[in-house]
Structure formats: structure tokens, C-alpha cells
Amino acid sequence: MKRAKKIISIAMAAVMMSVMVSSCGNKDADNAIQGNSNSEYLIAPEMTELTLFSMNDTRLDDTEMWQKIAEMTNIKIKTVSSSANSDADTAMNVMLMSGDIPDLIFSTNMKKFATEYGPDGAFVPIDELISDETPNLKKQLERKEISSFITNYDGHIYYMCGVNPDTISSGWFIRQDWLDKLNLKAPETPEEFYQVMKAFKEQDPNGNGQKDEIPYLNRFGTVDDLTFIFNATPEWSVDENGKVYYGPTRPEFKTAYENMAKWYKEGLIDTEIYTRGAKSRDKLFGDNVGGIVHDWFASTAQFNDILAEDVPNFKLTAFAPPNVGHKEYTRRDVAITQGCAIGANSKNKEYAIKLLDFLFSETGSRLMNFGIEGEQYDLVDGKPVFKDSVIHGDKTAIQILTELGACALVYEQDFAYEEQWMTEEAKKGADLYIDNGYLAPKFPALSYSEDEYKKFNEIMTNVDTFRSERCQQWIFGSADVTATFDSYLEELNKLGLEEATKIQQAAYDRYMSE
């Protein structure tokens, strides 16, 4: 019997239903909105309530944006997520096990839940709801980089994902003030990168008389970005002949770790890189000891303004990837794991799918990206331009829009939204990468059969765990890269990597033939 049928009988279902309902906080009378019969965006003939599970801090039904959407569409959102559980994934599992699944279910990890619970009957196969009446979703699903990503192993689609612009996200930044002080230039090759880091470590560019500089830092707890310098990748990739390969098995990956182990030993890489945490960029730049980082253009360049008073002459400048061909391997994923599903037992599934379609329309997308015209933005020459109160307000643009109810659920992000609050240095860096063609193609998201999916994930769970452990051993020096690389490859094959590669190749070939 399918899991979705089994879980309804769990004894906790009745308890969880009462918790979820009591946590809604708003009674219908409190937020009553009269139905609209004149809007061109009507989805329902009269005001209709759709229940929503979403563990975001902002409850959409309390926001001005979703009141506006209700007036336009006759669809009113009612959040039914319990605030008693702060862990989003745990709350999602509890809700699904309760058997009381709302009309709309949102998660930043929806791909995982759709894969696991969709075939068991928890969610509506939205591919069966897509029609000429949902032209915006239909258009998105015609993009194979999206349809392939969200198509489940059983051939159905159980959620709609958020969509990113196909452009740059991150790049290399370096302390220009330190380069100037030491009469150096931004590195263009791996060897120059090493020499600049060495100079940062040994020549006291922060001028405090101590060798406390940390040449390379990373707030995501990984050294993966450094592999790009050697034209290596920690992920799946494909060569010029269409042959799929696992990046961590390539000679250039070995070369990368041989160098990185040396750099770590010499103190050129943050010794706490695996444990310092997400605030490491703030702390190390704030303490005037951080030198080089690979990170998001928009947020990284903001440190020039943030630290202008506390760190005199502080200046981060974007520079080209210091590798052969200056290739950048962090192009954005167009389709993302965040997404929205529709409960299988929803009595309003036709309205729910049309609401998702509205969010991908020109009007819905503009609302999600820029807010409400006249309040957060004005149209200038037909294009939305944020008001000064958004760009230079007491809060960040993202905070303002999120609290309004924008940037919610699923929609297609407009790069102009992000571009407008980027500093000049951030724009300069993004343009450097875009205009010079530094963006390497992204390995596509692939679709699998049920057997392929289960086998591939079983193998790669073990492969990725072993690879991560061995790579840390190499960095820390507890295992020698050169001496153990062959045995490392042998262990990967024992764990089934060759079979996983065959599965990837077959899936990639199908993707390319579509």
C-alpha cells in the first residue's frame, strides 16, 4: 500500500490537524476581502480561500502584497503551518504524515519531498493540470532545463520550481587596497594566485605589524571554489565529446588538491574554513585580515560601503577567474529546488494551478520581483525602477520586499531586480564576467527512471561522503594527495561510481536528444 494511504491512519493525525488549525492565527472575519468581479486577472468567480503550508517567517496572508493579489484574482491565501516547529523539513514531514495536506505546499527543499512523496499520492501531478488555460506554466515547462529538473522518476511533475535568470552569480574578489600597498596586480594564473596569497600572508598589508592575514576565506565551509583555479570541478561534468564524468576523478582535481594542501599548510587558506560558519566573511573582512574570496557579486561588493568607516581604505575589487581561459564554474541554476506543490486531495486544484500560473505571468512576475507599482517601484520607459526608499532604506531591498510578501512561493526572477541594488563595484564585476564570456556551461539537471534514480542516489550518497572525508584529509595533511589518489579512485569504483557514471551518461544522452 502506498505511503500516502498508510500515513493517514497514523494516530497523530487528529492531533496534528488541531495544532495546524489553531496555529493559523487569523480568523476569516479578521482578513475578509470582498470578491472582485471586474479584475482582468480573476481566477475564481468569487473570493476563494486556498490553504498554504509554508515555514517562511513572513506569513503571506498578513502581507499587503497578497491582499493585493487576492483583490486581483479572488484567491485568498490562508497559512496553516504550525509555528511550533522551527525546523522546516521536520515540519514538512510531520504535516505529510498527518494526512491533512493543504491546497498549496511550499518548501525550499521541495524537489526532495516531491521525489519522495509525489509517487505515493501526496501531491497532484501538475503535468496533468497544465493546459492552454495555464499558458505561463506551459511556456516554462517547454524549457527542458526546467522540465528535466522537476520531472520525477515516474514521469510526472509534482511541483513547480522557482526560476533563476541564466546568468552570473558569483566571482572572485580581492583586496585592492592590499594589492596597491604591496605594488601587486590581481592574479591571472594559479601560480600568480599563490604568489599573491603568499605576499598577503608575509608582507603585512593590513599594517598592524603581525602576520595575521588570512589570504583566502570562504563562508560556505568548503574549498571547492579553489578547484576552479585548476579548471577542475567537484561536480558532474561533460567533455567536448559528450562523455559524462565525475569531476573529482580527473587529473586536474588531483592537481588542485596537491596545491591546496600546500597552501593550507602554509597558512594561506583559513585554518577554520570548515567550521567558522556563514559569518566568516563579515568577521574576517571586519577584522581587516581577509584577503580573497569567491562569493556573490551583490553582497560581497557591499563591504566596500559597510566597512568604509571601520577599515580605512578598504576596497574589494572583482577580478577575472585566474585559470586557463578564465572560465567561471558557478553559473546559476535556472531551475532550483525551492518550489510549490498542490495537495492531492485539494478541492481547489484548478484554482491552485492557475494561481501558480499567475505568478509566472508578466504581471505576477513583476509583483514578485519589484512589489507594487507606485509604492516600491515606478515604471520608467516601461521598466520597473525601485524607489529610493527601497534601494537606500533602513532595511535591505530583500528585507523590504520579503516583508511586503514579494519574492514568495515560485516565480521567475528578473535579474534587473538584483541589478538595481548592486553597487557600482558589483555591477562592474558582473559585467566583467558576462561581457568577456567567462561563464562555463552548467551541467544540466537530468531525469531518471525509478530504478536509475534509486540506484544512482544509493551510490552517490556513499561516493560523496567518502570523497568529502578524503578531501578534508588531504587539506589537513593527514593523507598525502599524490600517494593516495590512486587508492582513492579505486575506492570510488568499489562504491559503484562506474555504474553511477553509466546511469548519468544514459540520462544525459536522453536529455540531449529531447
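The paragraphs below lead from the overall form of this protein to some of its aromatic rings and then to two single residues.

The structure is a predicted model, and what is said about it here should be read with that in mind. Along the chain there are 23 helices and 13 strands. The radius of gyration is 25 Å, close to the 24 Å that the globule rule gives for 514 residues, so the protein is as compact as a globular protein of that length. Taken along the principal axes, the box that the C-alpha atoms fill has sides of roughly 70 × 55 × 45 Å.

How much of the protein is buried? Of the 514 residues, 51% fall into the buried group, while the surface that the protein exposes comes to about 23500 Å², with carbon and sulfur atoms supplying 47% of it. The fold also brings together stretches that are separated along the chain: when contacts between residues at least 6 apart in sequence are considered, 76% of them join residues at least 24 apart. As for charge, the protein carries 52 positive and 83 negative charges, and the mean positions of these two groups are 3 Å apart.

The aromatic rings offer a way into the interior. A pair of aromatic rings is described by the distance of the centres and the angle of the planes. In this protein the count comes to 30 aromatic pairs. One of them is formed by Phe193 and Trp263, whose rings are 5.7 Å apart from centre to centre, with 35° between the planes, and this pair is classed as tilted. Phe193 belongs to helix α9 (residues 190-202) and Trp263 to helix α11 (residues 251-265), so the pair ties together parts that are 70 residues apart in sequence. Both partners are buried, Phe193 having a relative accessibility of 0% and Trp263 one of 1%.

A second tilted pair consists of Phe485 and Tyr488, with 5.2 Å between the ring centres and 45° between the planes. Here the two residues lie in one helix, α22 (residues 481-494), and because they are 3 residues apart, about one helical turn separates them. Phe485 is buried at a relative accessible area of 3%, and Tyr488 is likewise buried, at 0%.

Phe193 and Trp263 are also members of an aromatic cluster, which they form together with Trp172, Tyr194, Tyr216, Phe230 and Phe319.

Two single residues complete the tour. Where is Arg219 found? Arg219 sits in the loop between strand β6 (214-217) and helix α10 (224-227). Its relative accessible area is 19%, and since buried means under 20%, Arg219 is counted as buried. Apart from neighbours within four places in sequence, Arg219 is in contact with Gly277, Ala278, Ser280 and Arg281, and also with Asp295, Trp296 and Ser299. Thr423, by comparison, is 204 residues from Arg219 in sequence, and the C-alpha atoms of these two residues are 21 Å apart in space.

Thr227 has its place in helix α10, the helix that follows the loop holding Arg219. Thr227 counts as buried, with 0% relative accessibility. When neighbours within four places in sequence are left aside, the residues in contact with Thr227 are Ala232, Thr233 and Pro234, together with Phe253, Ala256, Tyr257 and Met260. Among these contacts, Phe253, Ala256, Tyr257 and Met260 fall within the residue range of helix α11 (residues 251-265), the helix that also holds Trp263.

Note on methods: Residues are numbered from 1 along each chain as its sequence is written. This is a predicted model: local features need pLDDT of at least 70, side-chain atom pairs count only at pLDDT 80 or more; totals for chains, interfaces and linings use all residues. Side-chain values use heavy atoms; hydrogens and water are left out. Helices (H or I, at least four residues) and strands (E, at least two) are DSSP runs, numbered from the N terminus. The radius of gyration is taken over C-alpha atoms; the globule rule is 2.2 Å times the number of residues to the power 0.38. Buried means under 20% relative accessible area, exposed over 50%, partly exposed in between (1.4 Å probe, protein chains only). Contact means heavy atoms within 4.5 Å. Accessible areas come from the Shrake-Rupley method with a 1.4 Å probe; for residues, only the protein chains shown count as cover. Lys and Arg count as positive and Asp and Glu as negative; His and the chain ends are not counted. The place of a charge is taken as NZ of Lys, CZ of Arg, CG of Asp or CD of Glu. Rings of Phe, Tyr and Trp (its six-membered ring) pair if their centres lie within 6.5 Å; planes under 30 degrees apart count as stacked, over 60 as edge-to-face and the rest as tilted.
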